[in-house]
Amino acid sequence: MNSFTKRTLPALGLLGLALGACQPDLEKDIKVSNGSVDFSNYVAIGNSLTAGYQSGGLFNAGQLNSYPNILSQQFAKVGGGTFVQPLFADNQKDGSGYLNFQGFTNTGSPILLSPGQAGNTRTYQLALTGQRLPSGENQLAAYAGAQPNNLGIPGISVLSSVSALTGGLAPYGLLNPFFNRLLTATEQPTVDYLTYISRTTPTFFTNWLGNNDVLTYATNGGVSSATNPFSGLTDTTRFGTGYRAITRTISKNGTVKGISATIPNVTNIPYFIAVRVADIKARFKASNPALSLYIVTGTAAMPMVREATDNDLLTLPSASVIGGVTTGNPFPVGAGLSATQSNPLPSQYVLDATEISTVLARTTQLNTIINKTARQYNVAVADMNMFFSNIASRGIAINATNNSASFLQGNLFSLDGVHPTARGYALIANEFIRVINTTYSASVPTVDPNNYDAVLFP
Amino acid sequence: MSTAASAGGFQVNLAGQRNIGMGGVGVGLSLDQAAMFYNPGALAMVRKNGVQVGVNATFARVSFVPQGGTTQSNAQHDTVTPFNLYASFGPTDGKLRFGIAVYTPFGSKLRYQDNWTGRYALTQIDLKSIFIQPTVSYALTDQISIGAGLVILGYGSVNLQRDIPVQDGSGNTTHLELDGKAKNKLGYNAGIYFKPSDKLSVGISYRSQVDATVSGGSVAFRNLPSSVASSFSATKFDVTLPLPATTSVGIGVTPSEKLTIGLDANLVSWSRYKSLDFAFNGTVGGSTTSTSKRYYQDALTFRLGGQYLLTEGLAVRAGVSYDFTPVKDGYITPETPDADRVGLAAGATYNVNDQFGIDVSFLYEMLQKRSQTQSDLLSNGTTDRVAGTYKTTAAVPGIGVHYNF
């Protein structure tokens, strides 16, 4: 019996360990491939969404989670090369700053403070030079690193990219601090974005320009500023001319492969859906059932006051002015008993029903131009308009989590209600990868968006 | 009690040490006291009284790769040890046999790699159940015997953990741990055993469903930001997990004195498990309940095994089994990454003398590779789990001793 146990027990144990130690190998069946694309020099052009802007600013941690940077890490697995971003110096890593989330008020509104705003408990290492540009914006420290691959410029539009479209009267290098920091002193008054991108030699590109041709106007409640030539809705003629020039340049006349992305509808972002007319009315009616929400509409020359309806959208900043006190007016801001007895919410806090349809119609027209231009130059299209519409209407499940366009809890949009969180940018990168894989018969692996930060709650 | 051990879903079929070596057959046989589990009716035909104790070590290897990804995650290499104990007594030449059985028919222990793709569905589970079954069996004639046992869920525990998609100011992810003990519940196990000739025997048995109900289990959060605490106020939970009924038929064939062959089929009534529903005394993610679809299907297992007496003191065994999974396509959850499985078994018994012997067994299980895509999950309404491919293997050596008196 002893020899039996001595022989069989250890043998069985070892057999168990030997067979049991075989971890099934699932990786051997996975093949990655670049398809027909050369990813060795990837260049990304676009605006803040491309630069990695989030929570109201551009800063190093945000840039590292931009969708082009995430894409470049995936491209590296299929022959992609280095990807340089125009980062700020280490001791100025907070760049232009960002909003700080400090909790909720006792009515449940989030407390979001910008750098320098009273009550902000965070200390920032900003990259301000202390000077102001002719546009009134704070200048940022010059970028002194290698030629970047990520050429996203927060704030830029198609209209402001091509100086010929405005007769050269608004040198963008002197107006936009994010463009200003990438140019030398001699270039700043003369080089426009079109010239700047013509100097690159991409083997693959992504182009997500066009958002600000509608968004700047929309986020200001449909009020354009007389002093800012780029604050209105860009007309289709100049958009077409500019977009074709940009596409021709970046694709080297159709010889370089790339993707153009369409413009999302502004109504699908928390900036416009977080503060709801119905909720504000209910709040007013709780203190006095006769009260309602009144807004200023019409034009600057011919303003008119009316009651807000569910077809109007309130901007995110309106939350901090609604209910406030105005000297000489008995009503809190936004409240009133009638159009003539009220303290109406100023126009820049509202995207009223007329403005909404104008903006959406223009967005559709510009997207038609984007699609047509892409076809002309053999460029694939990532339909970000449909992508964001789907998220806004039914949310999106990511690896057992539910995400949506809700402000904060939705996890996809950052504290400014416009720009995605790192998780949102990862989702966008996966969408670009899906289009690349389909169009170019590639097998670029996707990322797990849940590996990227969403909103950090205090 | 690893999730991969030897039967579909979270069932564990490691009841009798000799039976394991024969692919888990036993319903149509009267091998030893473990008949109390396989077919209580056969106990009266087990002439020797005795006690037997066995334990197994489950080495399971679970691999997962997400859809569109390139890197696999491996579940931690935990070893669990399902055990069994059977004792029977009764007058030597009498028609009656009494017995007591302790076994662990359901269980699951799985700890996924840190930060794996499915961490918001599950990070780890530890499910245990110990059943106690006092049994009585009566030989109606020389050829037919019947038996029944009262099945008592003597001990049941569950520990379920997952991450929650909320991050605090430092980026740490909130983590949820549910821990509870099941209430004691009763069921029954009954069977009929028919031996028309020396060479043939037939059995049929039924083990009833027992619900594992946790009432007032504890809910604990880690890394929860204080600003969202009101949406995560729960401290207690209730849940019921059905441990399904099994209907079995088996045939035993003894072509010679030395050779015994068994052929079994089991049908487990998993379709009673439609969803896993939690109720909380407060909120979790703003809601006081949570429900997750299962819609398990009734599942069949086929088993074939044999025992050969080499000498008086030494018997060797071998067996195969094919187990259909209760988990539907597109419904795979991380806590039970199940698939159809093939089992290969071998075993031996060395009888030191008339009374005392040692039983050893070895079972190797291969679950088929199984995948689901995100569009599968969307169409089934099962987006609370992850898309990707799972594959599992398990090696289960076991040893037992028996003493007849």
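**Entry 1. Strand pairing between the chains**

I looked up the bridge partner of Phe457(A) in S9(B) and found Asp168(B). The model I am reading is a predicted one. The two strands concerned are S17(A) and strand S9 (residues 144-168) of chain B, which pair in the parallel sense over two bridges.

I then turned to the contact between the chains, to which chain A gives 35 residues and chain B gives 44 residues. On the side of chain A that touches chain B, I noted helix H1 (2-20), strand S2 (100-104) and S17, each of which supplies at least two residues. Which element provides the largest share of that side? I recorded H1(A), with 11 residues. By residue type, I listed the side of chain A that touches chain B as 20 nonpolar, 12 polar and three charged.

**Entry 2. The five-stranded sheet of chain A**

I traced an open sheet of five strands in chain A, in the order S6-S1-S7-S8-S14 and with parallel pairing. At its edges I found strand S6 (150-152) and strand S14 (380-382) of chain A, each pairing on one side only. I noted that neighbouring strands of the sheet are turned against each other by 15 degrees on average, direction ignored.

Next I checked how S14(A) is joined to strand S8 (residues 257-261) of chain A: the two run parallel and share three bridges. Within this pair, I found Val381(A) of S14(A) to be the bridge partner of Ser260(A).

I also looked for a helix on these strands. Helix H9 (residues 236-250) of chain A lies across strand S1 (42-46), strand S7 (204-208) and S8 of chain A. I entered its angle to S7(A) as about 165 degrees.

**Entry 3. Helix H13 of chain A**

I examined helix H13 (residues 353-376) of chain A, which has 24 residues. From its first C-alpha to its last, H13(A) reaches 35 Å, close to the 34 Å expected at 1.5 Å a residue.

Which residues of H13(A) are buried? I listed Glu355(A), Ile356(A), Val359(A), Arg362(A), Thr363(A), Leu366(A), Asn367(A), Ile370(A), Thr373(A) and Ala374(A). For reading such a list I kept in mind that an α-helix has 3.6 residues a turn, so residues three or four places apart point the same way. Just after H13(A), I noted Asn378(A) with a positive phi of about 65 degrees.

**Entry 4. Two further positive phi values in chain A**

I continued with backbone angles, bearing in mind that most residues other than glycine have a negative phi. Ala400(A) has a positive phi near 75 degrees and is found in the loop between strand S15 (396-398) and strand S16 (401-403) of chain A. Ser441(A) has a positive phi near 50 degrees and lies in the loop between helix H15 (422-439) and strand S17 (456-457) of chain A.

Is each of these residues buried or exposed? I entered Ala400(A) as buried because it has 25 C-beta neighbours inside 10 Å. I entered Ser441(A) as exposed because it has 12 C-beta neighbours inside 10 Å.

**Entry 5. Val219 of chain B**

I located Val219(B) in strand S13 (residues 210-222) of chain B. Why does Val219(B) count as buried? I found 20 C-beta neighbours inside 10 Å, and the cut-off for a buried residue is 20 or more.

Leaving aside residues up to four places away in sequence, I listed the residues that Val219(B) touches: Leu178(B), Ala234(B), Thr235(B), Lys236(B), Phe237(B) and Phe280(B). I also looked up Lys183(B), which is 36 residues from Val219(B) in sequence and 17 Å from it in space, C-alpha to C-alpha.

Notes: Residues numbered from 1 in each chain as written. Chains lettered and ligands numbered in written order. Predicted model: local features only at pLDDT ≥ 70, side-chain atom pairs only at ≥ 80, totals over all residues. Helix = DSSP H or I, 4+ residues; strand = E, 2+ residues; numbered from the N terminus. Contact = placed C-beta atoms within 7 Å. Nonpolar A, V, L, I, M, F, W, Y, C, P; charged D, E, K, R; others polar. Pairing = 2+ DSSP bridges. Expected span 1.5 Å × (residues − 1). Axes fitted to C-alpha atoms, helices over the stretch in contact; angles between N-to-C directions.
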